[in-house]
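Reader: I am new to this structure and would like a close look at a single part of it. Please describe one row of charged side chains and then what lies around it.

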Amino acid sequence: MNSKTRFSFLLSLLFLSTLSGGWSAARADEVKGKSLYANLCVRCHGVDGRGQGVMKFNPPVADLTEPAVQGKLDATLMREIHDGRKNTAM
């Protein structure tokens with residue numbers, strides 16, 4: 001194998017290892033997120049996120065599947081989760 005072929009091969013291996021490393025990090029985030037939701041959110045927002053958990057509030061909790069919620073920026077959602085929402089149980 002000449003040096004040009006060897007370099008291309010090593011570059012390909014590096015690229016593939018980067019892709020698989022990114023996938024496993026994303027998968028780890030997904031698993032962590034599901035665990036957090038199951039432990040902290042499911043009681044109010046329900047298993048499917050539609051706000052039909054075992055605990056009931058007035059005003060009702062947010063339906064997380066609504067387009068208005070889905071369209072929010074991640075930073076906005078993080079702030080609302082962390083700080084809560086005024087005049088709600090959150």
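Author: A residue is called buried under 20% relative accessible area, exposed over 50%, and partly exposed in between (1.4 Å probe, protein chains only). This is a predicted model, in which local features need pLDDT of at least 70 and side-chain atom pairs count only at pLDDT 80 or more, while totals for chains, interfaces and linings use all residues. Residues are numbered from 1 along each chain as its sequence is written, and side-chain values use heavy atoms, with hydrogens and water left out.

The setting comes before the part itself. The protein has three helices and zero strands (DSSP runs, of at least four residues in H or I for helices and at least two in E for strands, numbered from the N terminus). Starting at the N terminus, the order of the elements is α-α-α. Of its 90 residues, 11% count as buried.

The part chosen is a network of salt bridges that links Arg27, Glu30 and Lys34; a salt bridge is a side-chain nitrogen of Lys or Arg within 4 Å of a carboxyl oxygen of Asp or Glu. Arginine 27 is bridged to glutamate 30, and their closest N and O atoms are 3.3 Å apart. These two residues are three apart in helix α1, which means that about one helical turn separates them. Glutamate 30 also forms a salt bridge with lysine 34, again with 3.3 Å between the closest N and O atoms. Here the spacing in helix α1 is four residues, so glutamate 30 and lysine 34 are likewise separated by about one helical turn. An α-helix has 3.6 residues a turn, so residues three or four places apart point the same way.

The members of the network can also be described by their cover. Arginine 27 has 36% relative accessibility and therefore counts as partly exposed. Glutamate 30 is partly exposed because its relative accessible area is 38%. Lysine 34, at 52%, counts as exposed.

The structure holds four salt bridges. One of them joins aspartate 48 to arginine 50, with the closest N and O atoms 3.6 Å apart. Aspartate 48, whose relative accessible area is 42%, is partly exposed, and arginine 50 is partly exposed at 45%.

Helix α1 also contains arginine 43. Arginine 43 counts as partly exposed because its relative accessibility is 43%. Its C-alpha atom is 4.9 Å from that of glycine 53, although the two residues are 10 apart along the chain. Further on, in the loop between α1 and α2, is proline 59. A cis peptide bond joins asparagine 58 to proline 59, with omega at about 5 degrees.

Helix α1 has a part in the largest pocket as well. On a 1 Å grid over the protein atoms alone, a pocket is an open set of points where a 1.4 Å probe fits, with protein on both sides within 12 Å along at least five of seven lines, and lining residues have an atom within 4 Å of a point. The lining of the largest pocket is made by 26 residues, and those nearest its centre are Cys41, His45, Leu64, Ile81 and Met90. Two or more lining residues come from each of α1 (3-45), α2 (67-70) and α3. Helix α1 gives the largest share of this lining, with seven residues.

One of the residues nearest the centre of the pocket, Ile81, belongs to helix α3, which runs over residues 74-83. Isoleucine 81 counts as exposed because its relative accessibility is 56%. Helix α3 itself lies largely in the open, because one of its 10 residues is buried.

The chain beyond α3 has two backbone features to look at. Just after the helix, glycine 84 has a positive phi of about 85 degrees. In the segment after α3 is asparagine 87. Asparagine 87 has phi near 65 degrees, which is a positive value in a residue other than glycine. With a relative accessible area of 68%, asparagine 87 is exposed.

To return to the part chosen, Arg27, Glu30 and Lys34 are linked by salt bridges. Glutamate 30 is bridged both to arginine 27 and to lysine 34.
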